[in-house]
Amino acid sequence: MKNLQLKKLLPQAGVATVALAAALGLAACGGTPASTGSTGGSAPAESDGSYELVTDGTLTFATSPDYPPFENLENGEYVGLDMDLGRAIAEELGLECEYTNIDFDGIVPAIVAGGQADAGLSGISVTPEREEQVDFTDPYYVDNQAVATLSSNTELTEDNAAEALNSAEITIAVQSGSTGADFAAENYPNAEILPFPNFTDAFAAVASGQADAVCGNSAVVQQMLAGAYTDQHVILTSATGEEYAIAVSKDNPELLAAINDALAKLQEDGTIDELIAAN
C-alpha cells in the first residue's frame, strides 16, 4: 500500500473533496466478517432523525474486500484505504462503523433495495448508469484502467496490446459489474470477456491459463502485481480518469449530505494531510 498514488481533486460546489495518498494508517478498528468493529474514540451517537441508518448509531458500509489497496481481508480484518476512510467518516459523525461483505456487482443493488447497508464503499467509480440508481458523494480518488498479462506471454506486448487484445482468440478476465468489464467490452469487442465475482479470481485465471489478460483499475492492478502475481506485467494503460465515491440511496439525501460534510471536515481540519504525511 506504500506504492499507492492518489490524485487530489478540486473542491466541487463549495464542498472540499478528499485527497488521500499512500495507505492510510488510522488506528485499528479493523473488524472481521462476523464482527466488523467500530471507530473507537467517543461513544457512538444515536441517529438524530435527520438521516436513516440500518442500525441506529452505526454507519454500515457494503464492500467487496478483494480489491487491495482499497479493501481487503487480512487475518480476518477489513483493511485498506476505503476501510480506513469509512472509519474516519463514521467517527466524524459520532457513529460506530461496520462493514458487510457483498460481491461487487451486488453493492449498488443492495443500496437501492435497502436493509443491508447504509452506503457502498468499495472502490466504486462514478458512472452515468450507477448515478441513475444511487447518489454519490464527492469523489475522493481518481484512477485509470490497465491491462496485464503473464510476463512470459510473447503474443501480447506493450507494442501490440491495443490491437492484439481485440481478437476472438483472446480471453480477458474482469470483475463482474466493474468499469474494467465495461472498458474491456467497449474497447475489445471481438475478445471473449470472462467475468468473475472478485478481482483476485480474474488474476488467478491469467495465472492458470484460463484467460490471456486481466483488465481493471490501475491502482489495483499495480497492487496485485506487487503482491501475489509478480509473474504478470502491465501491457496497456488508459487514462479514463474515473472518480471513486461513496454510493448512497436516493431515498436518503440527508445521509449523503452528512457524509459529504464529514469528508469536507476531514480535509479542512488537517486529518487527511496528517494521514498522508504519516504514510
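Phe-61 stands opposite Ala-119 in strand E6, a good place to begin a walk through this predicted model. The two strands here are E1 (residues 58–63) and E6 (residues 119–120), which pair in the parallel sense over 2 bridges. Two strands count as paired if DSSP finds at least two bridges between them. Helices (H or I, at least four residues) and strands (E, at least two) are DSSP runs, numbered from the N terminus.

Now step back to the sheet around that pair. It is an open sheet of 5 strands in the order E5-E1-E6-E13-E7, with mixed pairing. Strands E5 (96–101) and E7 (134–136) stand at its edges with a single partner strand each, so one side of each has no neighbour in the sheet.

A second open sheet also has 5 strands and mixed pairing, in the order E10-E9-E11-E8-E12. Its edge strands, E10 (192–196) and E12 (232–244), each pair on one side only. Neighbouring strands in this sheet are turned by 25° against each other on average, direction ignored. Within it, 2 bridges join the parallel strands E9 (residues 171–175) and E11 (residues 213–217), and Ile-172 has Ala-213 in E11 as its bridge partner.

Helices lie on these sheets too. Contact means heavy atoms within 4.5 Å, and angles run from 0 to 180 degrees between N-to-C directions of axes fitted to C-alpha atoms, for helices over the stretch in contact.

| Helix | Strands touched or crossed | Angle |
|---|---|---|
| H7 (residues 218–226) | E8 (141–150), E11 and E12 | about 45° with E8 |
| H8 (residues 253–268) | E1, E6, E7 and E13 (247–249) | about 150° to E13 |

Next comes Ser-178, in the loop between E9 and helix H5 (179–187). At 6% relative accessibility, Ser-178 counts as buried; buried means under 20% relative accessible area, exposed over 50%, and partly exposed in between (1.4 Å probe, protein chains only). Leaving aside neighbours within four places in sequence, Ser-178 is in contact with Phe-104 and Arg-130. Its side chain also reaches the backbone nitrogen of Gly-180 at 3.3 Å.

Helix H6 (residues 199–208) rounds off the tour: its buried residues are Phe-199, Ala-202, Phe-203, Ala-205 and Val-206. Seen down the axis of H6, they fall within an arc of 150°, so they line one face of the helix. After H6 comes Gly-209, whose phi is positive, near 90°.

Residues are numbered from 1 along each chain as its sequence is written. Local features need pLDDT of at least 70, side-chain atom pairs count only at pLDDT 80 or more, and totals for chains, interfaces and linings use all residues, while side-chain values use heavy atoms, leaving out hydrogens and water.

Notes. Polar contact = N/O pair within 3.5 Å; in protein donor to acceptor, adjacent residues only side chain to side chain. Arc of directions from axis to C-beta.
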